[in-house]
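Biologist: I am new to this structure and would love a close look at a single part of it. Could you pick the nonpolar core and walk me through it, with enough of the surroundings to find my way?

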Amino acid sequence: MMQRLMASMSLAFASALAVNAAGAVASYSADPQQSRLEFVGVQAGADFKGYFRQFSATVDFSPDALATSRIDVQVDLKSVDTMDKDRDTTIRGPDIFDAAHSPTAHYVTRSFSKSAAGYSAVGALTLRGITKDVPIEFKFTQGAAGAKLEGAARLKGLDFGAGQGDWKSTEWVADEVKISFSLALKPRT
């Protein structure tokens with residue numbers, strides 16, 4: 001009788017651990033050497049691509065625990081690089097990013113859901129001291145040594161005050177910016 005009771009308790013304990021493990025959120029940091037954060041804007045009717053050379057991201061994610069998952073990204077706005085020195089100076093300047101007064105952008109998710117492409121999240125982006133919700137679409141894949149998070153978003157710069165003075169008009173520079181990211185994630189200890 002005691003053996004059956006112990007076996008039954010062991011089975012119940014193992015089942016509880018399996019449920020907890022399935023819903024556990026894994027914690028990761030983006031590997032800066034293997035990750036990228038890019039954007040595409042439109043200037044004078046032509047696309048131009050830019051990168052942020054310095055950013056950090058922490059990801060706490062599980063497909064089975066979306067309610068407790070989280071993505072947190074900090075971007076050094078002075079690290080913007082569009083391969084055009086004059087354009088980069090303008091973007092960093094007071095009329096676009098105002099990086100001297102607001103040197104970082106911060107994005108942190110508020111909610112997640114499953115989508116046809118993988119996952120969707122809505123997060124708060126703070127840029128130039130203005131915070132607004134920005135949705136993202138992404139795929140999450142786990143590997144033996146970590147994980148990968150790849151996705152995209154769209155935002156309007158004018159919603160964040162990124163477009164002052166001569167740049168407030170969308171005649172030469174489009175308001176919408178396409179963001180793409182590929183984060184190589186390593187387990188956080």
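Modeller: Happily! In the largest nonpolar core, which has 42 residues, the members that touch the most other members are F138, F140, L149 and L185. The strand that gives the most to this core is β11, spanning residues 176-187, and its share is five residues. Please keep in mind that this is a predicted model.

Let us take F138 as our way in. Setting aside neighbours within four places in sequence, F138 is in contact with a long list of residues, including F61, I71, F112 and Y119. Also on that list are A117, G118, S120 and A121, together with L149, E150, G151 and F181. L149 is thus a contact of F138 and is also named among the core residues that touch the most other members.

Several of these names come back when we turn to the rings. F138 belongs to one aromatic cluster with Y28, F61, F112, Y119 and F140. Across the whole structure, a search finds ten aromatic pairs. One pair to look at is F61 with Y119: their ring centres are 5.2 Å apart and their planes meet at 80°, so the pair is edge-to-face, a label for planes over 60 degrees apart. F61 sits in strand β4 (residues 55-61) and Y119 in strand β8 (residues 118-127), so this pair ties together parts that are 58 residues apart in sequence.

Are these two rings' residues buried or exposed? F61 has a relative accessibility of 1% and therefore counts as buried. Y119, at 11%, counts as buried too, because the cut-off for buried is under 20%.

Now let us step back to the whole chain. The protein chain has two helices and eleven strands, and along the sequence they follow the pattern α-β-β-β-β-β-β-α-β-β-β-β-β. Of its 189 residues, 39% count as buried. Contacts between residues at least 6 apart in sequence are worth a glance as well: 59% of them join residues at least 24 apart. As for the outside, the chain exposes about 11,100 Å², with carbon and sulfur atoms supplying 55% of that area.

Two further places help with orientation. R92 is in helix α2 (residues 85-92) and, at 28% relative accessibility, counts as partly exposed. R92 and K78 are 14 residues apart in sequence, yet their C-alpha atoms are 6.0 Å apart in space. Leaving out residues up to four places away in sequence, R92 touches L77, K78, V80, F97, D98, A99 and A100. S102 lies in the loop between α2 and β7 (104-115) and, at 17% relative accessibility, counts as buried. With the same kind of neighbours left out, S102 touches L77, F97, R128 and G129. L77 and F97 therefore appear in the contacts of both R92 and S102, with contact meaning heavy atoms within 4.5 Å.

Another ring to find on your screen is that of Y51: the charged end of R53 sits over this ring, 4.8 Å from its centre.

Finally, a word on confidence. The chain averages a pLDDT of 89, and 88% of the residues score at least 70. Over residues 1-21, though, the pLDDT is below 50, and this stretch has zero contacts in the model beyond near neighbours in sequence. For a return visit, start again at F138, F140, L149 and L185, the residues that touch the most other members of the core.

Definitions and conventions
Residues numbered from 1 in each chain as written. Predicted model: local features only at pLDDT ≥ 70, side-chain atom pairs only at ≥ 80, totals over all residues. Heavy atoms only, no water. Phe/Tyr/Trp six-rings, centres within 6.5 Å; stacked < 30°, edge-to-face > 60°. Helix = DSSP H or I, 4+ residues; strand = E, 2+ residues; numbered from the N terminus. Buried < 20%, exposed > 50% of the residue type's maximum accessible area, 1.4 Å probe, protein only. Lys NZ or Arg CZ within 6 Å of the ring centre and 35° of its normal. Core = buried A, V, L, I, M, F, W, Y, C linked by side-chain atoms within 4.5 Å. pLDDT = per-residue confidence, 0-100. Areas by Shrake-Rupley, 256 points an atom, 1.4 Å probe, with all protein chains shown as cover.
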